[in-house]
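Thank you all for making time this morning. I would like to walk through one structure slowly, and I will try to say each thing plainly.

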Amino acid sequence: MLEKMDAFFAARLGGYDVHMMKEIDGAEEFYPYTASLLPAERGANVLDLGCGTGLELEFYFERNAQAFVTGIDLSREMLSACAAKLKDRNLELVCASYFDVPLGTGRFDAAVSVESLHHFTAAEKLRLYKRLRNALKENGYFVLTDYFAQSDEAEQLGFRELERLRNEQKLKENVLYHFDTPLTAEHEAEILKNAGFRDVKLMKNWKATCTLLARR
């Protein structure tokens, strides 16, 4: 049975950090690498989509202790763990879907998301990325480190299987359930460009996980 997204992560909180760091290919490299791409300037304002327990933020605050970060996540339990780890930092945590939270205009120097956005369709991402681009300052940028499908066929298979499970389990369409439906990195880059981002670059990859950097 598919689990609701927030319930899925809440149930796995106890071993989440160890699982992510030790069992995901390249995680011990891509978390600090992602953080290294975020602004080093004192007082930088950064948005984290799907911040979870704050793994990338631990590395970022080591590099820039004076940054201001807004983290959005569906799981209240994960946000509590993040707050406990980073209690002395400039951190605002929002428990909600980042598809619903107003992001503002020209507010952030950069945005980041790590291993969170591989659950959504191209249409959902396009709407989000348009809002995200608008929320960035003129020279702002978005760092996306995520799990990507390795072929068009694998991408399509994921969405077909999700549709089959939704129909089989009679799940509501407007509720987020946990199931991986990664796009290819090429399709992700196309969506970012269609949302208005320029100079979208593949920065580095660790097997199925890649880091993309998209400038406003």
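**Two residues with positive phi**

Let me begin with Lys-207, which counts as exposed because its relative accessible area is 61%. Please keep in mind from the start that what you see is a predicted model. Lys-207 sits in the loop that runs between strand 6 and strand 7, the latter spanning 209-215, and its phi is near 55 degrees, which is a positive value in a residue other than glycine. Asp-199 also has a positive phi, of about 50 degrees, although Asp-199 is not a glycine either. Asp-199, however, is found within strand 6, which covers residues 198-206, and with a relative accessible area of 38% Asp-199 is partly exposed.

Now let me step back to the whole chain. How many helices and strands does the protein chain have? There are 8 helices and 7 strands. The radius of gyration is 16 Å, close to the 17 Å that the globule rule gives for 216 residues, and therefore the chain is as compact as a globular protein of that length. If you take the principal axes as your guide, the C-alpha atoms fill a box of roughly 50 × 40 × 35 Å, and buried residues make up 49% of the 216 residues.

Next I turn to the salt bridges, of which the count comes to 11. One of them joins Lys-85 to Asp-17, with the closest N and O atoms 2.8 Å apart. Why is this pair worth pointing out in terms of sequence? Lys-85 lies in helix 5, residues 76-85, while Asp-17 lies in helix 2, residues 13-23, so the salt bridge ties together parts that are 68 residues apart in sequence. Both partners are partly exposed, since the relative accessible area is 32% for Lys-85 and 24% for Asp-17.

A further salt bridge is formed by the side chains of Lys-22 and Glu-28, at 2.8 Å from N to O. Here the partners fall into separate classes, because Lys-22 is exposed, with a relative accessible area of 61%, whereas Glu-28, at 48% relative accessibility, counts as partly exposed.

The side chains of Glu-161 and Arg-164 also meet in a salt bridge, this time at 2.6 Å from N to O. Where do these two residues lie? Both are in helix 7, and they are 3 residues apart, which is about one turn of the helix. Glu-161 is partly exposed, with a relative accessible area of 27%, and Arg-164 is partly exposed as well, at 39% relative accessibility. Going back for a moment to Lys-85 and Asp-17, these two belong with Glu-58 to one network, joined by salt bridges that share partners.

Let me finish with charge on the surface. Which residues gather in a patch of negative charge there? They are Asp-152, Glu-153, Glu-186 and Glu-190. The elements that give two or more residues to this negative patch are helix 7, spanning 152-169, and helix 8, spanning 185-194. To take one member as an example, Glu-190 lies in helix 8 and is partly exposed, with a relative accessible area of 44%. Helix 7 therefore appears twice in this talk, as it holds the salt-bridged pair Glu-161 and Arg-164 and also gives residues to the negative patch.

Methods. Residues are numbered from 1 along each chain as its sequence is written. This is a predicted model: local features need pLDDT of at least 70, side-chain atom pairs count only at pLDDT 80 or more; totals for chains, interfaces and linings use all residues. Side-chain values use heavy atoms; hydrogens and water are left out. Patches are made of residues with over 30% relative accessible area and no salt bridge: like charges are joined within 9 Å, nonpolar side chains (Val, Leu, Ile, Met, Phe, Trp, Tyr) within 5 Å. Accessible areas come from the Shrake-Rupley method with a 1.4 Å probe; for residues, only the protein chains shown count as cover. A salt bridge is a side-chain nitrogen of Lys or Arg within 4 Å of a carboxyl oxygen of Asp or Glu. Lys and Arg count as positive and Asp and Glu as negative; His and the chain ends are not counted. The place of a charge is taken as NZ of Lys, CZ of Arg, CG of Asp or CD of Glu. Helices (H or I, at least four residues) and strands (E, at least two) are DSSP runs, numbered from the N terminus. Buried means under 20% relative accessible area, exposed over 50%, partly exposed in between (1.4 Å probe, protein chains only). The radius of gyration is taken over C-alpha atoms; the globule rule is 2.2 Å times the number of residues to the power 0.38.
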